Amino acid sequence: MLLISTVAACGSGGDDAPKNVSDETAALGTLTPGVIKVAVQPYAPYTSVQGGRIVGLDGDILASVAKKLGLKVEPEVTDFAGMLAGVQSRRVDLTIGGVAWSADRQKQGLFTDPPYYSPPAMAVRSGKTYKTVSDLEGLNLGTVEGYVWVKSIQTVPRAKLHAYPDANGVFDDLGAGRVDVGFLDPLIIIAAQKQRPDLRIDTEYLTPPTAAQVEAKPAYAYFQQYQTGFYLPKKATKLERAISARIDAMYRDGEMAKLVEKYGGDPKQFLVPAADVATARRGVDRPQDWTPPSLTQ
């Protein structure tokens, strides 16, 4: 993710907290009863703030959850580092927006069940097809500076890394033929296809490397699917459980699939976990019998 340096508060303050908050909602333990304070960065189409509301895929998921729980969403715009720090210091109740679960991050906060899984997406020029890591050997591969794919690309034999300050640089050089493949979050690629048809680009999904390939080249792990989560302070156990329960219900009733489709995503790519999703969290921040939510449930 890009790190946006501007920090600004959005939304209404504590004086506008909902009146007549139910006991059930108050028991969730948010910083202000009836309000959920959420840190986000500008990262459309996952998160952005418009008219004091968080919009985008993560924003829509949260809006559905908050409505069910009787909470008013109060956004605060920051950068990615500020999002994590705000949760870990409990200045906010939650952060959202493609936050990847990791063993290190869960030590300092709580993750909900995954609202979706982020598949390894590639922006390619129309008519070109690349399916496996082997297909990437010797190519010009682009991504944004600081993204996890930098390490992966540097490990691909004979591939040349092109790192850019933002996604627009990746798309510009892809359209001009200076880059063969761009690694970015999938909805960003899908949005660029619609907004910049002149680039003539398509979205493809990389077949994840095998366990043996990752063992031989650990940086290839970033070419695999990663699980996202809404991230909360360590003490917010009641709130985490309530949000996770609602996320799981949205898989079962089809609402999550509809939201993914709204933003151009394929539910089969976004809502079906890889085998290692469960094993990564069992016995860490989930019980040994935990089953991650899935489209196939």
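Which residue, with a positive phi, follows H2? In this predicted model, the residue after H2 is Gly 70, and its phi lies near 75°. The legends below begin with that helix.

**View 1. Helix H2, residues 57-69, and the residue that follows its end.** H2 comprises 13 residues and reaches 19 Å from its first C-alpha to its last, which is close to the 18 Å expected at 1.5 Å a residue. Ten of these 13 residues are buried, so the helix is largely enclosed by the rest of the structure. The buried positions include Leu 57, Asp 58, Gly 59 and Asp 60 in the earlier part of the list, and Ser 64, Val 65, Ala 66 and Leu 69 further along. Ile 61 and Leu 62 are also among the buried residues of H2.

**View 2. Asp 60 of helix H2 and its contacts around Lys 262.** Asp 60, which has its place in H2, is buried, with a relative accessible area of 13%. Its side chain makes a polar contact, at 2.7 Å, with the side chain of Lys 262. When residues up to four places away in sequence are not counted, Asp 60 touches Leu 259, Lys 262 and Tyr 263.

**View 3. Helix H10, residues 255-262, with its buried and exposed sides.** Met 256, Ala 257, Leu 259 and Val 260 are the buried residues of H10. Seen down the helix axis, these buried residues fall within an arc of 160°, so they line one face of H10. The buried residues pack against H2, H9 and helix H11, the last of these spanning residues 267-270. On the face turned away from the buried side, H10 carries the exposed residues Lys 258 and Lys 262. H10, like H2, is followed by a glycine with a positive phi; here the residue is Gly 264, with phi near 85°.

**View 4. The salt bridge between Glu 240 and Arg 286, and the network that contains it.** The side chains of Glu 240 and Arg 286 meet in a salt bridge at 3.1 Å, N to O. Glu 240 lies in helix H9 (residues 237-252) and Arg 286 in the segment after helix H12 (275-281), so the pair ties together parts that are 46 residues apart in sequence. Both partners count as buried, Glu 240 with a relative accessible area of 9% and Arg 286 at 11% relative accessibility. Together with Asp 113, Glu 240 and Arg 286 are linked in a network of salt bridges. The structure as a whole holds eleven salt bridges.

**View 5. The salt bridge between Arg 125 and Asp 180.** The closest N and O atoms of Arg 125 and Asp 180 are 3.9 Å apart. The pair links distant parts of the chain, with Arg 125 in strand E9 (residues 121-125) and Asp 180 in the loop between helix H6 (167-176) and strand E12 (181-183), 55 residues apart. Asp 180 counts as buried, at 14% relative accessibility.

**View 6. The salt bridge between Glu 137 and Arg 158.** In this pair the closest N and O atoms are 3.4 Å apart. Glu 137 lies in the loop between E9 and strand E10 (140-144), and Arg 158 in the loop between helix H5 (149-155) and strand E11 (160-164), so that distant parts of the chain, 21 residues apart, are linked. Glu 137 is partly exposed, with a relative accessible area of 30%, whereas Arg 158 is exposed, with a relative accessible area of 62%.

**View 7. Strands E10 and E11, paired in the parallel sense.** Five bridges join E10 and E11, and the bridge partner of Val 144 in E11 is Tyr 164. E10 is mostly covered, four of its five residues being buried.

**View 8. Phe 183 of strand E12 and the residues around it.** Phe 183, which has its place in E12, counts as buried, at 1% relative accessibility. Not counting residues up to four places away in sequence, Phe 183 touches Ala 121, Met 122, Leu 136, Gly 142, Thr 143, Trp 149, Ile 153, Leu 206 and Phe 223. Glu 215, for its part, is 32 residues from Phe 183 in sequence and 22 Å from it in space, C-alpha to C-alpha.

Terms used: Residues numbered from 1 in each chain as written. Predicted model: local features only at pLDDT ≥ 70, side-chain atom pairs only at ≥ 80, totals over all residues. Heavy atoms only, no water. Salt bridge = Lys/Arg side-chain N within 4 Å of Asp/Glu carboxyl O. Helix = DSSP H or I, 4+ residues; strand = E, 2+ residues; numbered from the N terminus. Buried < 20%, exposed > 50% of the residue type's maximum accessible area, 1.4 Å probe, protein only. Expected span 1.5 Å × (residues − 1). Contact = heavy atoms within 4.5 Å. Arc of directions from axis to C-beta. Polar contact = N/O pair within 3.5 Å; in protein donor to acceptor, adjacent residues only side chain to side chain. Pairing = 2+ DSSP bridges.
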